Each structure stands twice: as C-alpha cells, then as structure tokens.
Amino acid sequence: MSNPLHALKNQIAVVGVGNTAYGNFPDVSDYGLGAQAFRSAIQDCGLDKNEIDGLVCCRVPYYARMGEILGLDPRWTLQMPPHGRMSGMSIVEAALALHTGAAKYVALIYANIGRSRRVNYGGEESAAFWDPWGFTSPGAAHAMMFRMHMERYGTTTRQLAEVSVAFRRHAMLQPDAVMKTPMSIDDHEASRPIVEPLRLFDYCLINDGAVCLILTTADRARDLKKPPVLISGFGARDAFRRSAIPNFDPDFWYAETRDAGEQAYAMAGVGPSDVDALMCYDNFSPTVLFSLEGLGFCQRGEAGSFVEGGTLQLGNRLPTNTDGGHLSNSYMQGWALNVEAVRQLRGECGERQVPDCEIVQYVATAPCTRSIIYTRG
Amino acid sequence: MLGHYDKPLPSGDPDARPFWQRAREHRLAVQRCDACGDRHFPPGPVCPACLSDRQSWEDVSGRATLLSWVLFHRAYWVSFRDDVPYDACLVKLEEGPILISNFAGGIPEGARAGMPLRVVFDDVSPELTLPRFVPA
C-alpha cells in the first residue's frame, strides 16, 4: 500500500453534529450562531464540552473570540478562510490531528451571516485582475465553464436543470431547508438569468446559519452517545497552476476530482457503484456535473445525459444532496453536506432517508478538491 | 460628470504595470521568461515554470480563439448598471496563455468555441485601454 494515509482508514469518527436554523438573522452574530451549533453538536454526542481540545473555525471571524465564548482552551487550533472548499479540507486536517494525538476531540465550527449582511460574492468584495473587463463572481466563472461543457459535449440547460430540480425535491422533505416551493425543469428554464448560461436556480442560496461537527478517534467514539460514523477514506488534490481566473478551471478540475476520488476509494476499499448517497458541493449546479464525471459515476462529457430522468433524486440511481444542498437547503459551504452524510448513515433522516444507507461520499470539486467517504461504525 | 471613468481600474499590481502600459500603446503583451521561455499571463514576480526572476514582456500577435463566453445580467458594480446585459469572453492566445476579455461590439453572430478572434484596443479613458476581441 503506497499511500501512508491509508493507515487512517476507519480510525477517525464523527461523533456529534449540529446546526442552527437557516435563514435571515440580522440580530444574531456569527459567533452566536456558531455557539448554537456547537451546543447542539455537544448535546448530540453527550461529550463534556471541556473535553474539546481541538478547535477549527471557518468563516467565524476570530478563533480566540469563539473559544472565549465557548469557554475552551484547546491545544490545537486552526483558522480556515471562508471558502467552501475549506470544509472538506478542515475535516481532513482534523483527522490528521486526531491521528497524531495533537488533539483528542476536535470541534469544527462554521458560521455564515452573509444573508443578513448583504454579501454579494463579487465586485468590490473580491478584487481580481479581470475586474476592468467587468468579469467577477464565482457564478460567472461557473457560467464560463458550463458554456465550455455545452460547447464541448452538447450538454443542455434542461439537463443542468435536473440538478436543481432533484435538490429542490429533497429540500421539500427537509424541515430545516430554506427553499421548499416545488420546482420543475420549466421553472428552472424560466428563472431569471444571472450570468448566462446560468440562471437564478443554478445559484446557491445565500443565508445565515451555522454548523458544527465533533470528531474523535474511533476507539474514543465508542463511549459516546450515538453510533459513530467512520471516515473510511479521503483524497485530495489542489490545482493552483491554472488558478489565474478565480474559481475557474478549463478542464472543470476533472483530473483533480478523479485523483481525489481514486485516493478516497482506494483507502476505503469501495468504488462509485458502492456509494449509497453522494453529498456533492453545489455552489452552482454545473459543479455537480463536473463532480459526477471526475469521480467516474459516468463517462467524461456524459454527466448531462446521466442526470436526465431524475437520477440524482431519492429512490433513484444516485441520491445526491438529500438535504437539498446549497441550491435549496442552505449555503453552509459544504459543512451541512457533511452533517447530512452523518445523519444518513445514522438513519436519522426521516422522509428523506436513503434505505440501508451504509456508504456516503462527500466531494467538493474546486481549486482544492477533497472527497471523503463515510461509513457506519 | 462627463468623461469621468468610474468602472474598476487595474489593481496596481507592479508586475502587471507593463501590460497596461503596452495596452495604452495598442500592444498586447504577455510575460515571457528569459531563462526558460515560458509564456504566462497574468504576470507574476517569478516564472512559474523555473522560478527565474529574469522575465520580459513580449508582444503577441493578437490572434486568438474563443473558448467560452457569458452574459452578465447582474451588475456587481454600480458603474456597470447601465451596461447590463454585457458580455465577457475567454480567449486562448495563439501564443498559449488564456485571458478574460470582452467582445467589442457584442457577442458575435454564430459564436462558438474555436471561433478565430483578433484583438482590438478600446481606449475607455485617457489612462486606460482595454484589449477586446472581434471575429478575425
């Protein structure tokens, strides 16, 4: 076995998960939301919060203030930038810290107040080289990539709509979800264009909320309240050489997603056909198509036809983003998808539960691509 | 105020100044490494292939092919409000580097990936010239 990280297979467990309500909360700070999510995750696993000796903060402005609020003095702390790709990265980093003994119990806290504070994700907020031409925003970068996919492979916007329609259907079964009105392919096609070829329903939500996960080693996990969910595999590949256009890759991070997926599959000893549910980072709907191709759920260029007919919907071939994802549940930048993976494996998902769910894969296809395979402990 | 240019300006990155200076002279240029010949854009302080800091600027032909294009219906800057919908395109220069630009004169009839393009220079203010592209 050439990958030394394979020694971590099934060694690290997610033992607690928590989230706040999702919406528009102008009167609550990001720290307040983070504290709610942390308390919820602590209650979920039954751990004494003073046992937490590792802290990861993402989009929480200042780790020390978060620790002060929660009364924590960890011996391992990590502050991650507020990018969606950081959720998978953070979980992998926490697993490494736990495995080395740098920490025994790690709390990972993510909080977002972008809705109530009117964050735009473009223009002056994120100055870049291409501003003089008016080119800005991650959505425009994904629109540029999707046009290339259309031109190269003949993918259509009606095929793309399948992604948004599937996730909306799942959100309608999810009590916490922000968007629960039914959506059809025609509704998607009629939604207003933002940066063509993408439309409103291809864009993630922007909402307030927070998420917390608590991780520990598999042996410690056995003493906690709920059955542990194991991290059975993970894989990683960054793509910085071609990152001159932010959030853009001329090959849709195909090689990186394939590489991260192959690492994760080899470590877990499973393949795409074993995956019971996929949690796929969906900042914009095209990312889902790119992920499906990179991971090998379909051939390269064939994701459009693969998703036709509701493939990603519950009850069909590959239930994906069963909580409604970023498009319809909540813009928790990958964190809520990892929580959903845990809840599916615990059988806690009620109406949206995937039957006999044993293997769930998370993937974020991005300049830092990460995939994590979770299994029942 | 008549003639006041209020759209986003180049960032002031010192590595990119020669690009904007040449654009004002209606020359399109990319960075080329003196040590290994690698051509790259946007510019950086060292060559990403060999890390040499001996880099020059080389005028390119202005011939390119269209890779992709989009149409902004949302103005992320107030100064673009009167422009929507406006386009942006992604082009591959004959010499290799890819760059974001706009079509001069709107999305061309029959736009498709691979369409041959050529650069034109749009003097948007006395200080700023934007290289843009039209069908070749």
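Start by selecting Y31(A), G34(A), A35(A) and F38(A) in helix α1(A), then add R65(A), M66(A), I69(A) and L70(A) in helix α2(A): these two groups of residues meet. Colour them by class and you will find 6 nonpolar residues, 1 polar and 1 charged in the contact of α1(A) with α2(A). As you look around, keep in mind that this is a predicted model, with an ipTM of 0.97 and a pTM of 0.97.

**The first helix pair**

Now widen the selection to residues 30–45 of chain A for helix α1 and residues 63–70 of chain A for helix α2. Their axes lie 10 Å apart, and the helices pack at an angle of about 55°. That angle is why α1(A) counts as oblique to α2(A). Turn the view until one helix lies in front of the other, and you are looking at a right-handed crossing of α1(A) and α2(A).

**The sheet of chain A**

Next, show the strands of chain A. What is the order of the 9 strands in the open sheet? Reading across, you pass β3-β2-β4-β7-β1-β8-β11-β10-β9, and the pairing is mixed. At the edges are β3 (76–80) and β9 (277–280) of chain A, each of which pairs on one side only. Neighbouring strands of this sheet are turned against each other by 25° on average, with direction ignored.

Keep α2(A) visible here, since this helix packs on the sheet and touches β2 (54–58), β3 and β4 (105–112) of chain A. The direction of α2(A) makes about 125° with that of β2(A).

For a look at one strand pair, select residues 229–238 (β8) and 368–376 (β11) of chain A. These strands run antiparallel and are joined by 9 bridges. Which residue in β11(A) is the bridge partner of I231(A)? Label Y374(A) to see the partner of I231(A).

**A second helix pair**

Move on to helix α4 (residues 138–153) and helix α9 (residues 285–295) of chain A, whose axes come within 9 Å and cross at roughly 50°. The pair α4(A) and α9(A) is therefore oblique, and the crossing is left-handed. To see the contact, pick H142(A), M145(A), F146(A) and H149(A) from α4(A), together with P286(A), T287(A) and L289(A) from α9(A). This contact of α4(A) with α9(A) holds 4 nonpolar and 3 polar residues, and no charged ones.

**Across to chain B**

Bring chain B into view. Its average pLDDT is 96, and 98% of the residues score at least 70. How many residues of chain B are in contact with chain A? There are 29, and they touch 29 residues of chain A. On the chain B side, highlight β4 (63–72), β5 (86–93) and β6 (98–101), the elements that give two or more residues each. The largest share, 6 residues, comes from β4(B). By class, this side of chain B has 21 nonpolar, 5 polar and 3 charged residues.

Zoom in on β4(B) beside strand β5 (residues 193–196) of chain A: the two pair in the antiparallel sense over 2 bridges. Here V195(A) stands opposite F72(B).

**Last stop: a sheet in chain B**

Finish with the open sheet of 3 strands in chain B, ordered β2-β1-β3 with antiparallel pairing. Its edge strands are β2 (39–40) and β3 (55–59) of chain B. Select β1 (residues 29–33) of chain B with β2(B) to find a pairing over 2 bridges, where Q31(B) has H40(B) as its bridge partner.

Key:
Residues numbered from 1 in each chain as written. Chains lettered and ligands numbered in written order. Predicted model: local features only at pLDDT ≥ 70, side-chain atom pairs only at ≥ 80, totals over all residues. Axes fitted to C-alpha atoms, helices over the stretch in contact; angles between N-to-C directions. Helix = DSSP H or I, 4+ residues; strand = E, 2+ residues; numbered from the N terminus. Parallel < 35°, antiparallel > 145°, perpendicular 65-115°, else oblique. Left-handed = near helix turned anticlockwise from the far one by under 90°. Contact = placed C-beta atoms within 7 Å. Nonpolar A, V, L, I, M, F, W, Y, C, P; charged D, E, K, R; others polar. Pairing = 2+ DSSP bridges. pLDDT = per-residue confidence, 0-100.
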